[in-house]
Amino acid sequence: MHEQARQGLRPPVRRQGTRRRTLSAVAAMAIGVMTLAALTQPASASAASAASTGQTDPVQQSLNALVRGDGMPAALASVKNHDGRTRTYTAGVGDLATHAPVPVDGQVRIGSNTKTFVAVVVLQLVGEGKIALDDDVDTYLPGLVRGKGIDGRRITVRQLLQQTSGLPNYTNYLGDDVRYYTPRELLATALRHSADFDPGEKWAYSNTNYIVAGLIVQKITGRPLAKEIDRRIIKRAGLRHTYFPAPGDASIREPHPHGYYRESADGPLHDITEIDPSWGWAAGQLISTDSDLNRFFGALLAGRLLPPAQLARMRSTVPAEATFGPGARYGLGLVSRPLPCGGLSWGHGGSFPGYETRSGATDDGRAASVAVTMQLTDEASRRNLERAVDTALCR
């Protein structure tokens, strides 16, 4: 993550282009710098968002701008309106090598949106009386979280979920190999470094918090985190295109746009679609679609995944403007942002090599998710992606 402005999983950017691929491609395929013509191909849209209205629909215009103005190979979105009607949108090219179109509602790596899923599982366990938010980490993982200025006896479960623990961010210190990592390897990477601050002293985004939260879920349930997310959320909310990749699975199962990475603003694009995602684990391993993300956040806000008391705790927030923008606040794995048309959106964001996503939902039933097929590295592009979600929610 960009230390103050990233919403997802990012090993140091300078390293991504040199990381080894683990499947048949072996090395990332250099596409070359895209020409302006490649970036300005006519945007495609689903049947629900007909091409004849694509140039006047504000959501389609937002996606077109992400492709043409911000240089994204592709953008795709799903929007649910007040009346429950869903529209899907696409722009750009799904595969730069073949010029294949963008799959409508294609699967993407959703990065740190995974954190909201993990937080929901933890809060379900709180509602079942199996975890207490103000218990310390040592209650569940005795002696595991120790380091310079780090003591699991001083960090609470609530502080993990709300990003106020002070644990250093392990993704800042990963090596160059893309390989299978165990969750404890990821935690050990973080614990070789000093605490960022004393628990509860301030707020700072760290992927390590959710690695620890995932380990607590596994300890309490006696089951893999992936199976708990599948049983408690994916099946319960009817998410048909969402899954937690199995160990060693670097592919994306269903139709999907290819994801790309470039080392510099004028450098060539590399296809990084297939990558071992285990280094994200509880902080960012899930694969999903825009429509499934809308369904998930809608079910969450409607109270179908958590009892009222736990949902209220999840929505208890602290300021998080440095990372999520003006007026943003962070709850327990859930972000609130003020909408330009009034009210709040609740959601998260996700960043993973090759993909960037933003999602938001409102208490009155609106929901919108937008994805692009390149990990964003500059503030202006991130804000443009967020504005695309705001446009969809306010239309």
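# Talking through a predicted model

Reader: Where should we start?

Author: With a pair of side chains: those of aspartate 390 and arginine 337 are joined by a polar contact of 3.1 Å. Keep in mind that this is a predicted model.

Reader: Why is the link between the side chains of aspartate 390 and arginine 337 called a polar contact?

Author: A polar contact is a pair of N or O atoms within 3.5 Å, where one must be able to donate a hydrogen and the other to accept it. The value for aspartate 390 and arginine 337 is 3.1 Å, so the pair is within that cut-off.

Reader: What makes aspartate 390 buried?

Author: Its relative accessible area is 9%, and buried means under 20%, so aspartate 390 counts as buried. You will find aspartate 390 in helix H14. Leaving aside residues up to four places away in sequence, aspartate 390 touches Arg337, Leu339 and Pro340.

Reader: How do you know that glutamine 375 is buried?

Author: The reasoning has the same steps. Glutamine 375 has a relative accessible area of 7%; the cut-off for buried is under 20%, so the word applies to glutamine 375. Glutamine 375 sits in the loop between strand S15 and helix H14. Its side chain makes a polar contact of 3.0 Å with the side chain of serine 351.

Reader: Why does histidine 99 count as exposed?

Author: Exposed means over 50% relative accessible area. Histidine 99 has 51%, so histidine 99 counts as exposed. Histidine 99 belongs to the loop between strand S3 and strand S4.

Reader: What is notable about the phi of histidine 99?

Author: Phi of histidine 99 is near 65°, which is a positive value in a residue other than glycine. Most residues other than glycine have a negative phi. Tryptophan 281 also has a positive phi, near 35°.

Reader: Is tryptophan 281 buried or exposed?

Author: Tryptophan 281 has a relative accessibility of 8%. Buried means under 20%, so tryptophan 281 counts as buried. Its place is in helix H10.

Reader: What makes H7 oblique to H8?

Author: The axes of H7 and H8 come within 10 Å and cross at roughly 140°. Angles over 145 degrees count as roughly antiparallel, under 35 as roughly parallel and 65 to 115 as roughly perpendicular, with the rest oblique. The angle of roughly 140° falls in none of those ranges, so H7 is oblique to H8. The crossing of H7 past H8 is left-handed.

Reader: Which residues meet where H7 touches H8?

Author: From H7 come Pro183, Arg184, Leu186, Leu187 and Ala190, and from H8 come Thr208, Ile211, Val212 and Leu215. By class, this contact has seven nonpolar, one polar and one charged residues. Among the buried residues of H7 are Pro183, Leu186, Leu187 and Ala190. Their cover includes strand S5, strand S6, helix H8 and helix H10.

Reader: How do you know that threonine 289 is buried?

Author: Its relative accessible area is 1%, and the cut-off is under 20%, so threonine 289 is buried. Threonine 289 lies in the loop between strand S9 and helix H11. Its side chain reaches the backbone nitrogen of aspartate 292 at 3.1 Å.

Reader: How far apart are threonine 289 and valine 104 in sequence and in space?

Author: They are 185 residues apart in sequence, and 9.6 Å apart in space, C-alpha to C-alpha.

Definitions and conventions. Residues numbered from 1 in each chain as written. Predicted model: local features only at pLDDT ≥ 70, side-chain atom pairs only at ≥ 80, totals over all residues. Heavy atoms only, no water. Buried < 20%, exposed > 50% of the residue type's maximum accessible area, 1.4 Å probe, protein only. Helix = DSSP H or I, 4+ residues; strand = E, 2+ residues; numbered from the N terminus. Contact = heavy atoms within 4.5 Å. Axes fitted to C-alpha atoms, helices over the stretch in contact; angles between N-to-C directions. Left-handed = near helix turned anticlockwise from the far one by under 90°. Nonpolar A, V, L, I, M, F, W, Y, C, P; charged D, E, K, R; others polar.
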